Amino acid sequence: MMNDVEEMKKFIKKNSYLLVSPDRKVELFGNLRKLGEAISIDSSTISKKLNRGENYFIPKGGEYIFYIKRLE
């Protein structure tokens, strides 16, 4: 259990990507490469879209939608 603000800040900095899956599961990832592997979307594609303010992703040939948010 985290009781310290600095400890929480370190945790968020280490796990800076929030993923909401179609099954409503919420996960944190430390980098886009691992996140991309988990949802079958290239990390460079995720990065480009996040930089453009896009947060919803559908893998090619997929039917499910994912929400990704960069935490700060």
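The following paragraphs lead from the sheet of this predicted model to the packing of two of its helices. Residues are numbered from 1 along each chain as its sequence is written. Because the model is predicted, local features need pLDDT of at least 70 and side-chain atom pairs count only at pLDDT 80 or more, while totals for chains, interfaces and linings use all residues; side-chain values use heavy atoms, without hydrogens and water.

Four strands (DSSP runs of E, at least two residues, numbered from the N terminus) form an open sheet in the order S2-S1-S4-S3, with antiparallel pairing; two strands pair if DSSP finds at least two bridges between them. Strand S2 (26–29) and strand S3 (56–57) each have a single partner strand, so one side of each lacks a neighbour in the sheet. S2 is joined to strand S1 (residues 17–20) by four bridges, and Tyr17 stands opposite Phe29 in S2.

Both Tyr17 and Phe29 are in contact (heavy atoms within 4.5 Å) with Leu35, as are Ile46 and Ile68, neighbours within four places in sequence being left aside. Leu35 lies in helix H2 (residues 32–39), a helix being a DSSP run of H or I of at least four residues. At 0% relative accessibility, Leu35 counts as buried (under 20% relative accessible area, with a 1.4 Å probe and protein chains only).

H2 packs against helix H3 (residues 43–51) at an angle of about 110°, their axes 8 Å apart; axes are lines fitted to C-alpha atoms over the stretch in contact, and angles run from 0 to 180 degrees between N-to-C directions. H2 is therefore roughly perpendicular to H3 (65 to 115 degrees). Leu35 of H2 and Ile46 of H3 are among the residues that make this contact.

Key
Buried < 20%, exposed > 50% of the residue type's maximum accessible area, 1.4 Å probe, protein only. Parallel < 35°, antiparallel > 145°, perpendicular 65-115°, else oblique.
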